[in-house]
Amino acid sequence: MSSPMGGSEMPAAGGVVKIAPSILNADFAHLADEVAAAEAAGADWIHVDVMDGHFVPNLTLGPPAVKALRRVTRLPLDVHLMIEAPERFAPAFVDAGADRVTVHQEAGPNLHRVVQGIRELGARPGVSLNPATPLELLDEILPYVDLVLIMTVNPGFGGQHYIPTSTAKIARLARTLRERGLTHVELEVDGGISPATAPEATAAGATVLVAGAAIFNDHGSIAENLAALRRAATR
Ligand code: DX5
Ligand code: ZN
């Protein structure tokens, strides 16, 4: 699918895992520069964490920020809505230039409606599960989404530790997607992804790794951090 900037969403070469830096840990005073550095370093998508202070105990940003990001990058904008009643705001994020909009299974009773609405507006819908939510709750929605986002921390904050039991959950979802012939569905993993945890998430079947603190930190440049994550994820 073409982004509003005209960039295209190419599959990662040779089935290599995609890396989606989360801007949550970026320097918001220099967001355009941070995103440009991630793009130059080979990031595949830009992950945008939207929090409403209700679904999660934190507040972040809204459609105007996505609109501003749309002007400064050709990368697909992967918008993760950690908000209640996502049907109220999903259209504004698509309008602002989101290529993908992912909503939480736990966020409301109208999951199928909101997923279909996102697709009708021209973006790719995804569904996310919190760590304690069983995979079985996805049974009916899987044929309607382009992406499943498995939270490997409790959503709300960057820089948390990967929950170890997540790896088995990723592997079970990967098997379900294969068995149901849904191999086009991206299996995105989000939370605590670093060079230490990326190998197990990737080996279990993740196709997209979100990383915030591992990319935007004081230890290395964005390029160095992204390269280290890619090496760890593909070895
Ligand atoms: C957590 C967000 C994540 C998070 C990732 O609520 O959905 O995208 O920012 O950050 P790290 O990689 O620092 O766990
Ligand atoms: Zn996220």
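Let me start with a helix. Helix α4, residues 111–120, lies across two strands, β4 (100–104) and β5 (124–129), and runs at about 175° to β4. This is a predicted model, so please hear everything that follows as computed.

There is a second helix to look at in the same way. Helix α2, residues 63–72, lies across β2 and β3, at about 165° to β3.

Now the sheet. It is open, has eight strands, and pairs in parallel, in the order β1-β8-β7-β6-β5-β4-β3-β2. Why is one side of β1 and of β2 left without a neighbour in the sheet? Both β1 (18–21) and β2 (46–51) stand at the edges and each has a single partner strand, so there is nothing in the sheet on the other side. On average, neighbouring strands here are turned by 25° against each other, direction ignored.

Take the β2 edge in detail. Parallel strands β2 and β3 are joined by six bridges, with β3 covering residues 77–82. One residue pair to find on the screen: V50 has L81 in β3 as its bridge partner.

On to the nonpolar residues. In general, nonpolar side chains in soluble globular proteins tend to be buried together. The largest nonpolar core here has 63 residues, and the members touching the most other members are I23, V48, L81, V148 and I193. A second, separate core has eight residues, among them L147, M151, V208 and V210.

Last, I193. What is I193 in contact with, leaving aside neighbours within four places in sequence? The partners are Y162, A198, A201, L209, V210, A211, A214 and L229.

Notes:
Residues numbered from 1 in each chain as written. Chains lettered and ligands numbered in written order. Predicted model: local features only at pLDDT ≥ 70, side-chain atom pairs only at ≥ 80, totals over all residues. Heavy atoms only, no water. Core = buried A, V, L, I, M, F, W, Y, C linked by side-chain atoms within 4.5 Å. Buried < 20%, exposed > 50% of the residue type's maximum accessible area, 1.4 Å probe, protein only. Contact = heavy atoms within 4.5 Å. Pairing = 2+ DSSP bridges. Helix = DSSP H or I, 4+ residues; strand = E, 2+ residues; numbered from the N terminus. Axes fitted to C-alpha atoms, helices over the stretch in contact; angles between N-to-C directions.
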